[in-house]
Amino acid sequence: MKKHNGETALVAGGAGFIGSHLCRALLQQGYRVVCLDNLLTSRRSNLLALEAERDFTFVEGDVLDPLPQELCDRAGDITRIYNLACAASPPLYQADPEHTMLTNVVGTDKLLRFAEQTGARFLLTSTSEVYGDPERHPQVEDYRGYVSCTGPRACYDEGKRAAEAMTLDFARVGRADVRVARIFNTYGPNMNPDDGRVVSNLVCQALLRLPLTLYGDGRQTRSFCYVADMVQALMLLMESEAAGPDPINLGNPEELTITELVAAIEAIMPHPLEIIYKPLPVDDPTRRQPDISRARAVLGWHPETALSEGLAKTVAWFQRELGRNVPAKET
Ligand code: UDP
């Protein structure tokens, strides 16, 4: 990838799981990085190594508040704006649904206006949730989705759909140069152990020798992308001249049931795992799998990390994070 020495990238939501990896990768690409984050569902500890870097600046702030002066002072240098600012796990984005909706709508508007003012290219991280509980499988970008606009996930799903609409509107009238990524389930180091998502929940439970909580019958499917692959895709999309504003699916097309995910975790652990079944959350999508033909064609990208490899790295990271010394399985 081309080096971008001297240019500045703003990463809103940069202290979060994907955002923190993105900040690191941007620094490696030569960008100066300004991370704006309200630390509501993200963690300053994700930035520990980055904060020692001369070209990295952390600014605490919420995208719903006026942009911090520190950020405005650097407006002239900013050439890239990544918008990852929003709680992303179902329990956390549902904890304050009004804030989630406003973050996506008002927050995105504010960052788009900042892109208009600075001339920076803007990338919205949207979500596979725009497809809701999809009736079309796998999901291609022109599928319009099957979303409940009144259910508990609506604050996020409809918030992101509105954010996409607004981003495309800015592009249509030439107010900003934009890219839209629809991110499917992603996992890896720096996930918040308490975010309630399936990989963080199950891996932490396995390490703590607690029963694994399986919602529903475990036959619902997801497709899990390792975070390093996702960050590479986001940067390729941002830098691509060919991509244009139309949304593009980013994720791993390998679909598996949640029961199969449990088996993949069990294969890494040194002890057998116990499962307890819990009710399926309301509106929990039955199947989810990205069609990434567009990402392959436009970006030349596809995920490279096998689930077994990514899970092993994730387990090792959570092991350190939880301060537990769980012996590795003997082979
Ligand atoms: N899930 C589960 N146990 C958990 C957490 C989640 O079985 O402890 C299920 C959840 O019901 C869903 C899937 O795993 O079917 C993925 O859930 P997650 O919250 O990670 O994200 P989603 O893809 O639903 O946004």
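This report covers the ligand site, one helix and some unusual backbone spots of a predicted model.

## Ground rules

The model is predicted, so local features need pLDDT of at least 70 and side-chain atom pairs count only at pLDDT 80 or more, while totals for chains, interfaces and linings use all residues. Residues are numbered from 1 along each chain as its sequence is written, and side-chain values use heavy atoms, leaving out hydrogens and water.

## The ligand and its contacts

The ligand has 17 residues around it. A residue counts as near if one of its heavy atoms lies within 4 Å. V198, T213, R222, D284 and R288 come nearest.

Three polar contacts stand here, each a pair of N or O atoms within 3.5 Å. D284 has a side-chain N or O atom 2.6 Å from an oxygen atom of the ligand. T213 uses its backbone: a polar atom there is 2.7 Å from a ligand nitrogen atom. R153 places a polar side-chain atom 2.9 Å from a ligand oxygen atom. Taken alone, the ligand exposes 520 Å², and the protein buries 96% of that. These areas come from the Shrake-Rupley method with a 1.4 Å probe.

## The shell around the ligand

Two elements give two or more residues to the shell: α6 (198-207) and β8 (212-215). Strand β8 gives the most, with three residues. Helices (H or I, at least four residues) and strands (E, at least two) are DSSP runs, numbered from the N terminus.

The shell holds six nonpolar, five polar and six charged residues. Here Ala, Val, Leu, Ile, Met, Phe, Trp, Tyr, Cys and Pro count as nonpolar, Asp, Glu, Lys and Arg as charged, and the others, Gly among them, as polar.

## Helix α7

Helix α7 covers residues 227-239. Its 13 residues should span 18 Å at 1.5 Å a residue, and the end C-alpha atoms are indeed 18 Å apart. The expected span is 1.5 Å times one less than the number of residues.

Ten of the 13 residues of α7 are buried, meaning under 20% relative accessible area, with exposed over 50% and partly exposed in between (1.4 Å probe, protein chains only). Among them are V227, D229, M230 and E239.

## Unusual backbone spots

Most residues other than glycine have a negative phi, and most peptide bonds are trans. H137 and P138 are joined by a cis peptide bond, with omega about -10°. P138 sits in the loop between β5 (121-127) and α5 (154-172).

R209 is not a glycine, yet has a positive phi of about 55°. R209 lies in the loop between α6 and β8 and is exposed, at 59% relative accessible area. D283, also not a glycine, has a positive phi of about 65°. D283 belongs to the loop between β13 (275-278) and α9 (293-299) and is partly exposed, at 36%.

Notes
Polar contact = N/O pair within 3.5 Å; in protein donor to acceptor, adjacent residues only side chain to side chain.
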